[in-house]
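Grab a pencil and work through these exercises with the structure open beside you. Try each task before you read its solution.

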Amino acid sequence: MVDIPTRRRPLALLTMVVVAQVLLLAFQVRRTDRSRGHEIPLVRYWVVEMIMPFERAGSSVFSGIGGLWSGYIDLRHERSENLLLRRENGDLKLRNRELETAAAEAQRLTASLEFRKEHPEAPMVAAEVIASSSAMLAAQVIGGSADPNSRTIFINGGTNDRIRRNMAVITPDGIVGKIVEVFPHVSQVLLINDRESGVGAMFAGSRTHGIVKGNGSPYPEMDYIVNDEKVHVGDAVITSGEDRIFPKGLPVGVVSSDKSGNPFQVIQLHPGARLDRLEDVLVLLTERELDLKEPAAASSATPETPASGAAPTPTAHSPAAVASKSGATKP
Amino acid sequence: MSLAYNPGIQQDNVEVHKYYTGTIVGSAILAIVLQAFLHRYGHWAELIELPLLVTIYFGVSRRNPASGLLLGAAIGLLQDALSHDNPIGLYGIAKTFVGYVASSVGARIDTEHPLSRFALVVVLFHLHQFVLAVTERALLDRSAPLFTLHLFIDSLVTGAFAVLLFALLDRLRRRS
């Protein structure tokens, strides 16, 4: 109960009576809401105008606190979600690459078909396209090589995870290497920039084949490209599938430098995969362990120019043969 | 919040007039009825606002701000109720202020002299108009004039009429 001094009682009564009548007015009067184009009771207009600043302030404070909590403090689920998204992004990148490869393949086959229609008299052999439909296993890099001259890493998957020797290890950005040693829970991967590594590759644009060989530096080289071949910095290099380890069409890297050599050009590549900062990789689980000593291996490499006639058998100096040989040099 | 009404707050040196039972209520109702009745016979009736004069007279005579403002509020609300397009409370607010000010002034100065009555009515007429205009502008979004020559003439006519009316109403006082 509030005790009002006697002298101020008339004033208090005046205030009460006036306020009561103002409220009475406000309940009757309707004000045009210009934003909505219709009339609303004045009392509602007042109440909204009176309450909204507090609502806004409260909302701002709570959203700020909520943002602080969810953006800085409560990040328990963010990491797992981030990993999930990265993995999904990687899968999508791979899928995109596959589709790009398939589209390019279809384009080439269309051109071949056109050629076949125009020259029906020319004898042609259809070449089988090896699809990259291997299952994949995600693995994490858990260590590297103790030898500074050796470019190898260890991943947390082994024979118990169906990993076998000579399986391809890739990332969505590019190939990484191949499995060289397998243990029950760990595998060793030979990176493509190791001196003993070799990958069958080709230029994505010109489809010229070569071998990507490691040299111990961060930048592997594309070998067996003749000096007449026009190569530009930035040209994309993809796997050719001839080494029977990496499926055809996976990104290897881009040309970072090019100069004439004897007898082949000296082409350095910038690998697509961040070989020095690998964290998560994918192992392509082929159905059986690849035996690179199998004599039919080299001869089964498919030609890229079906229009040229019968499929050529790789010679000892052909890129496919060298790639297979290079891949077999490691145990 | 509780508010106790205490009517005995007027100053001792000013005479408080009393009226027979029902005089104030009857006068107020008669003023409103007459105002509504005369309004039908032309605009000349608008020159004089009888409810305002009754509010001022009894506010000044009773010299009690609380009863003055309540009388003003009641008369104003009745006037609003009888009007065609005014929301209830428009005249009520204005006459509440007038009743309060009239009774407050009446408690401090002698308002028995015709000249002081005339001046007081003219001033309170404009106060009434001012509160009306402000209320209309603020709450009803109408453009009401605060002061015009026409209003000034009205106030003079009303003041002159009030001198006669108040002398008539003085006869309703109870002899002490």
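**Exercise 1: a strand and its two sides**

Task: Which residues of β8(A) point one way, and which the other way?

Solution: Start with one side: Gly198(A), Gly200(A) and Met202(A) point that way from β8(A). Val199(A), Ala201(A) and Phe203(A) point the other way, and all of these residues are buried. That's the pattern to look for, because in a regular strand the side chains alternate between the two faces of the sheet. Now count: 6 of the 6 residues of β8(A), residues 198–203, are buried, so the strand is largely enclosed by the rest of the structure. Keep in mind that you're looking at a predicted model.

**Exercise 2: the neighbours of the strand**

Task: Which residue is the bridge partner of Met202(A) in β9(A), and which one in β11(A)?

Solution: First take β9(A), residues 209–213, which runs antiparallel to β8(A) and is joined to it by 5 bridges. There, Met202(A) pairs with His209(A). Between these two strands sits a hairpin stretch of 5 residues, where Arg207(A) takes a positive phi near 60°. Next go to β11(A), residues 236–239: 3 bridges join it to β8(A), again antiparallel. Here the partner of Met202(A) is Ile238(A).

**Exercise 3: two helices in chain B**

Task: How are α3(B) and α4(B) oriented to each other?

Solution: Find α3(B), residues 65–82, and α4(B), residues 90–106; their axes come within 7 Å and cross at roughly 155°. Angles over 145 degrees count as roughly antiparallel, so the two helices are roughly antiparallel to each other. Their contact has 13 nonpolar, 10 polar and 2 charged residues. As for handedness, α3(B) passes α4(B) in a right-handed crossing.

Key:
Residues numbered from 1 in each chain as written. Chains lettered and ligands numbered in written order. Predicted model: local features only at pLDDT ≥ 70, side-chain atom pairs only at ≥ 80, totals over all residues. Axes fitted to C-alpha atoms, helices over the stretch in contact; angles between N-to-C directions. Helix = DSSP H or I, 4+ residues; strand = E, 2+ residues; numbered from the N terminus. Parallel < 35°, antiparallel > 145°, perpendicular 65-115°, else oblique. Left-handed = near helix turned anticlockwise from the far one by under 90°. Nonpolar A, V, L, I, M, F, W, Y, C, P; charged D, E, K, R; others polar. Buried ≥ 20, exposed ≤ 12 C-beta atoms within 10 Å, placed from the backbone. Pairing = 2+ DSSP bridges.
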